[in-house]
Each structure stands twice: as C-alpha cells, then as structure tokens.
Amino acid sequence: MTPPHEPRSKPPLRLLAPGSRTSASARASEFSECDASAGELPLIELEGIGKDYVTGPEVVHALIDVHLGIPRGQFVAIVGASGSGKSTLMNILGCLDRPSYGAYRLGGVDVGARSIDERALVRNRLIGFIFQGFNLLPRTTALENVELPLVYRGLPRRQRRRMALEALEQVGLIGRVAHRPNELSGGQQQRVAIARALVTRPPVLLADEPTGNLDSKTTLEVMELLERLVETEKITLVLVTHEDEIAARAHRVITVRDGRIEADSLAPLPPPPRRTGPEPRTSRA
C-alpha cells in the first residue's frame, strides 16, 4: 500500500544535485529562462504537494496532496475559510516556504526543493507580490519604492529608474513619482505596490487580499487594472480573497478546505449580447 504522504509517480525532476556548486549567474540564467522552457506545460504545476507543521507532540497537516496546474495568462482566485490552507498554499507558490513533500515546478523548473538563496532568486526573477497592506517604505518616494526589487537585482541606477518609470506609467501614476506613501490615497498606494510587483516583468503575480483595505470604488479600479494586465501582458494572476464579488471576476476559482482543494471551477462564459433592433427578416424561396 502506498504511504499517504508519498507523491504519485511523476517524471524526473530537474534538481541541483545535493552539494553541487553552481554560480549565481548560472542559477539566474536558469530561472530567467524557465518560463520560455515550459512549452505547452502549465506555468505553475503542483504535484502531490503537502505541508506539515510540528507543534510539540502534534503534527498539523496544513496542505494534503494538492495537485494543481495553472497556464500562463490565467486569473485564478483562491478562496476558503480562515485556517483552510490557502495562505500556506500561497506561501509555497511564492517560494516563501517549502513543501514537506511533493513537487512544485514553475515554468518547468523544480523550485520547491531549492535552497533559501535560490528561492529568493526565484522570487526576484519570476514572481511579483501584491499585499493587502501595500508594504511600501514610508520615507521613500513612489519611484524609489518601485525601484527596490531592481536594487536587489543589482541593476545600474539609470536602468532602474527607466524601468520604474515605465512601471508607474503602466499603472497610471507617472504624475506621482515623487510622492511619498503618506501623500497618496489608498488606491494610489496599491497602484505603487502593483508597479513594484511588475517592475521585474515577472510571469506570475501573487496577490494576497489586494483590495482588503480599499473602498468599493477603488477596489473596482484596482481590479480593472489587474484584469487589464492579465489580458495585455499575459501575466498569470493568483489572488487570495474572502470576497465573492472579487472571486467572481476570475477565470477560475479554487476553493481550499481543510488543506485540500475542495472545488476547482472555471468561470461561466458571459451571455451573448442581446439584440436591440428588430429581428432580421428571412427571405422566402
């Protein structure tokens, strides 16, 4: 009998051998090219993923045998009650945590079993994060906040500035580049956060309750911006939300319950447009 935590049979994973020495530039090249190497495979692929936490004598099974594939350019909403496992799932997708078992491939490259430094490289190259609380540095301008991921990448100042300005223009804030967070509205702060997530041009955006601190009008504006980015840039957007109205805007809704995917449904197609004029006449033979 197969043990419950043993992953199902799967093709060999492309892993670095334990103890192997690979230069930072070689690792960066691998992660930069992984999206292109995916071919027809899902951009995000989880196979038999599980996450266990040991708390004293007890083991908490936060995720149990999760299988999931997400193609490039899809908008996916993850919903579930508090404690369902959706935050743990997002942490693994964002390479902030490692699965206890199973395989996580991003663009065809196994990233779930990577070291802390390599996962940090994955986050910088391939994943943009959008948080409910914006997470902007309070004493720096919008432009400097957006430049920050490029500083970590080691890009020269002139290139950083050009890319940050392009990202701010993309979210409609080119006129607010010199403003600090306390000089911006909540919606504008979230736009700065979206620009910061976009500036490295990642194939994946992970958004954790991105409209949780916004009023209804600003929520609509932010969601329209994210949907436009999915449509025009073919970015894969994975969004955690408690709001049914937000989840209903996604291409696909995944419900997590007790550490498992309980439901995975595609959004219904919109109804055909209604005719406003008279019915066309049919000619008689």
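Trainee: Let's start with the basics. How many helices and strands does the secondary structure of the protein chain come to?

Mentor: Keep in mind that you're looking at a predicted model. The chain has 285 residues, and buried ones make up 45% of them. Its secondary structure comes to eight helices and 10 strands.

Trainee: Okay, now the sheets. In what order do the six strands of the open sheet run?

Mentor: The pairing in this six-stranded sheet is mixed. Its edge strands, strand 6 (127–131) and strand 10 (260–266), each pair on one side only. From one strand to the next the twist averages 20°. Read across, the order is 6-7-8-3-9-10.

Trainee: Let me zoom in on one pair there. Which residue stands opposite Asp208 in strand 8?

Mentor: Look at strand 7, residues 204–208, and strand 8, residues 236–240. These two pair in the parallel sense over five bridges. Opposite Asp208, in strand 8, you'll find Val240.

Trainee: Some helices sit on this sheet too. At about what angle does helix 6 run to strand 6?

Mentor: Take helix 3 (residues 116–126) for a start: it packs on the sheet, touches strand 6 and strand 7, and makes about 80° with the direction of strand 6. Helix 6 (residues 186–198) lies across strand 6 and strand 7. Its angle to strand 6 is about 165°.

Trainee: Now the four-stranded sheet. Is its pairing parallel or antiparallel?

Mentor: This open sheet has the order 2-1-4-5. At its edges are strand 2 (58–70) and strand 5 (109–110), each pairing on one side only. As for the pairing in this sheet, it is antiparallel.

Trainee: Which residue in strand 4 is the bridge partner of Glu45?

Mentor: Start from strand 1 (residues 44–55) and strand 4 (residues 101–106), which pair over five bridges in the antiparallel sense. Glu45 has its bridge partner in strand 4, and that partner is Arg105.

Trainee: What about helix 2? How many of its eight residues are buried?

Mentor: Helix 2 (residues 86–93) lies across strand 1, strand 2 and strand 4, at about 120° to strand 1. The buried residues in helix 2 are Lys86, Thr88, Leu89, Met90, Ile92 and Leu93. So helix 2 is mostly covered, since being buried takes under 20% relative accessible area. The count of buried residues in helix 2 is six.

Trainee: And which residue takes a positive phi just after helix 2?

Mentor: Look just past the end of helix 2 for a phi of about 60°. The residue with that positive value is Cys95.

Trainee: On to helix 4 and helix 5. Why is helix 4 called oblique to helix 5?

Mentor: Helix 4 (residues 142–153) and helix 5 (residues 157–170) pack with their axes 9 Å apart, at an angle of about 120°. Roughly perpendicular covers 65 to 115 degrees and roughly antiparallel starts over 145, so an angle between those two ranges falls into the rest. That makes the arrangement of helix 4 and helix 5 oblique.

Trainee: Is the crossing of helix 4 and helix 5 left-handed or right-handed?

Mentor: Helix 4 brings Ala142, Leu143, Val146, Glu147, Leu150 and Val151 to the contact, and the residues they meet in helix 5 include Arg160, Met163 and Leu168. By class, this contact has 10 nonpolar, no polar and three charged residues. The crossing of the two helices is right-handed.

Trainee: Which helices do the buried residues of helix 4 pack against?

Mentor: The buried residues of helix 4 are Ala142, Leu143, Asn145, Val146, Glu147, Pro149 and Leu150. Helix 4 is followed by Gly154, with a positive phi near 85°. The buried residues of helix 4 pack against helix 3, helix 5 and helix 6.

Trainee: Last one, about the loops. Is Asp258 buried or exposed?

Mentor: Compare two loop residues. Lys234, in the loop between helix 7 (216–233) and strand 8, has a phi near 60° and is partly exposed at 44% relative accessible area. Asp258, in the loop between strand 9 (252–257) and strand 10, has a positive phi of about 50° although it is not a glycine. With a relative accessibility of 58%, Asp258 counts as exposed.

Key: Residues numbered from 1 in each chain as written. Predicted model: local features only at pLDDT ≥ 70, side-chain atom pairs only at ≥ 80, totals over all residues. Heavy atoms only, no water. Pairing = 2+ DSSP bridges. Axes fitted to C-alpha atoms, helices over the stretch in contact; angles between N-to-C directions. Contact = heavy atoms within 4.5 Å. Parallel < 35°, antiparallel > 145°, perpendicular 65-115°, else oblique. Left-handed = near helix turned anticlockwise from the far one by under 90°. Nonpolar A, V, L, I, M, F, W, Y, C, P; charged D, E, K, R; others polar. Buried < 20%, exposed > 50% of the residue type's maximum accessible area, 1.4 Å probe, protein only.
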